[in-house]
Amino acid sequence: MRLARDRLIFLCLVALDDIMHGCATAPAAPSPQFRAVLAMLYALGDRSERALFDDFWRSSQLAPSHTMTEHQANHRRMSLLARMWPAICRHVGVEPSTDFTLALAAARHRGDSEHARLARLLSEVEHNRRVLDRHKRHKQQCTVRD
């Protein structure tokens, strides 16, 4: 079976998008699959921006430390990855449009039953509510009062 270049690029971007979504709550596992996806995207592009892929790899590994809380590490990791995502897409000739983002989301959840989609949606809503509550608490704790 031979894959067309465009289909291979799309599948690699789907895999990278999935890894990136996982980075919202924890650093990405430094797996051979993750390396292969980055290497494939680099090879399928114009090969002019290797540093972009190295930076994506390093940023995905950003972990909490004695100077950075888990919340700060998650926020910084996602900010860095989100900033690099459009550049990686453009590197392989894909414009990160709304339609493309919707296609990625559909590919990420292809094959889910209605029940699984509803359960995932409820889980995401609950997770977003918890994150928002945590941000509000953190903001209240960091507010300087006279």
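Read from one end of the sequence to the other, the chain runs α-α-α-α-α-α. That makes 6 helices and 0 strands. The model is a predicted one. Along the principal axes, the C-alpha atoms fill a box of roughly 65 × 40 × 25 Å.

**Overall build**

- The chain has 146 residues, and 28% of them are buried.
- Take the contacts between residues at least 6 apart in sequence: 68% of these join residues at least 24 apart.
- The chain exposes about 9,900 Å² of accessible surface. Carbon and sulfur atoms account for 56% of that surface.

**Charge balance**

- The chain carries 22 positive and 16 negative charges.
- The mean positions of the two sets lie 3 Å apart.

**Helix α3 and its packing**

- Helix α3 covers residues 50–60.
- Its buried residues are L52, F53, F56, W57, S59 and S60.
- These buried residues pack against three helices: α1 (5–22), α2 (32–44) and α4 (70–91).
- Helix α3 also holds D55 and R58, which sit 3 residues apart, or about one helical turn.
- D55 and R58 form a salt bridge, with 2.5 Å between the closest N and O atoms.
- D55 is partly exposed at a relative accessible area of 32%.
- R58 is exposed, because its relative accessible area of 51% passes the cut-off of over 50%.

**Salt bridges**

- The chain has a count of 6 salt bridges.
- One of them joins R90 to E95, and the closest N and O atoms are 3.0 Å apart.
- R90 is partly exposed, with a relative accessible area of 46%.
- E95 is partly exposed too, with a value of 47%.
- Another salt bridge links R129 and E126, where the closest N and O atoms are 2.4 Å apart.
- R129 and E126 both belong to helix α6, 3 residues apart, which is about one turn of the helix.
- R129 is partly exposed, with a relative accessible area of 41%.
- E126 is partly exposed, with a relative accessible area of 32%.
- Shared partners extend this pair: salt bridges join E126, R129, R130 and D133 into one network.

**Nonpolar patch on the surface**

- Which residues form a nonpolar patch on the surface? They are L118, L121, L122 and V125.
- Together these four residues offer about 380 Å² of accessible area.
- L122 lies in helix α6, which spans residues 114–142.
- Is L122 buried or exposed? L122 is exposed, with a relative accessible area of 53%.
- L122 can be part of the patch because that 53% clears the patch cut-off of over 30% relative accessible area.

**Points to carry forward**

- Helix α3 combines buried residues, including F53, F56 and W57, with a salt bridge between D55 and R58.
- Helix α6 holds L122, a member of the nonpolar patch.
- Helix α6 also holds the R129 and E126 pair, which belongs to the network with R130 and D133.

How values were computed
Residues are numbered from 1 along each chain as its sequence is written. This is a predicted model: local features need pLDDT of at least 70, side-chain atom pairs count only at pLDDT 80 or more; totals for chains, interfaces and linings use all residues. Side-chain values use heavy atoms; hydrogens and water are left out. Helices (H or I, at least four residues) and strands (E, at least two) are DSSP runs, numbered from the N terminus. Buried means under 20% relative accessible area, exposed over 50%, partly exposed in between (1.4 Å probe, protein chains only). Contact means heavy atoms within 4.5 Å. Accessible areas come from the Shrake-Rupley method with a 1.4 Å probe; for residues, only the protein chains shown count as cover. Lys and Arg count as positive and Asp and Glu as negative; His and the chain ends are not counted. The place of a charge is taken as NZ of Lys, CZ of Arg, CG of Asp or CD of Glu. Patches are made of residues with over 30% relative accessible area and no salt bridge: like charges are joined within 9 Å, nonpolar side chains (Val, Leu, Ile, Met, Phe, Trp, Tyr) within 5 Å. A salt bridge is a side-chain nitrogen of Lys or Arg within 4 Å of a carboxyl oxygen of Asp or Glu.
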